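Reader: Could you walk me through the labels used for this model, and what stands behind them?

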Amino acid sequence: TVYLDRAFRAKGCGRLLCETLLDLLEAQGIRNVFSLITVPNEASFRLHEALGFEYRGVQKHAGYKDDAWHDVAWLQKSFGNFSSAPSELVPITELEDSLTTAIFARAHERSVQHMLACIAGQTTTHTSKPAMTTAGSQLDQ
């Protein structure tokens, strides 16, 4: 679960974190990532849609937060194909150094681009896809 302090919301921070997390999960061989979002939460829906998640359904009155019952939406993002059995999950500590270096270098590049855009007063909308193309986790903002 990813929660951001209100001071960091709508600034691209959640997107940067999620893109890096998705890169790492794909590199580990994860095939499906699921996100549960308390409804309503349009900002989180927009973020997940931009990250390639697809809406899968809603569970009515499934979450209790802020003294009220809420519906919880399920979203899914898949990596790779499903023509064969899944490979064994690779623990993050066992990923090749060159792979994790590439993932974190890409995260650094994204954050620098984001900061420069903020300094220039531009609205940042990232269109880049995760850097990895190899293979759940729960994301919620």
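Author: Gladly; here are some contacts and one helix, each with its criterion. This is a predicted model, in which local features need pLDDT of at least 70, side-chain atom pairs count only at pLDDT 80 or more, and totals for chains, interfaces and linings use all residues. Residues are numbered from 1 along each chain as its sequence is written, and side-chain values use heavy atoms, with hydrogens and water left out.

Reader: Why are Phe34 and Trp74 called an edge-to-face aromatic pair?

Author: Rings of Phe, Tyr and Trp (its six-membered ring) pair if their centres lie within 6.5 Å, and planes under 30 degrees apart count as stacked, over 60 as edge-to-face and the rest as tilted. Phe34 and Trp74 have 6.3 Å centre to centre and 70° between the planes, so they fit the edge-to-face class.

Reader: What makes Phe34 partly exposed?

Author: Buried means under 20% relative accessible area, exposed over 50%, and partly exposed in between (1.4 Å probe, protein chains only). Phe34 has 28% relative accessibility, so it is partly exposed. Trp74, at 30%, is partly exposed as well.

Reader: How do you know that Arg31 lies over the face of Phe82?

Author: The charge must have NZ of Lys or CZ of Arg within 6 Å of the ring centre and within 35 degrees of the ring normal. Arg31 is at 5.7 Å from the ring centre of Phe82 and is listed as lying over its face.

Reader: What puts the buried residues of H2 on the same side?

Author: The buried residues of helix H2 (residues 42–50) are Ser44, Phe45, Leu47 and His48. They cover an arc of only 165° around the axis, which puts them on the same side of H2; the arc is that of the directions from the helix axis to the C-beta atoms. Helices are DSSP runs (H or I, at least four residues), numbered from the N terminus.

How values were computed: Helix = DSSP H or I, 4+ residues; strand = E, 2+ residues; numbered from the N terminus.
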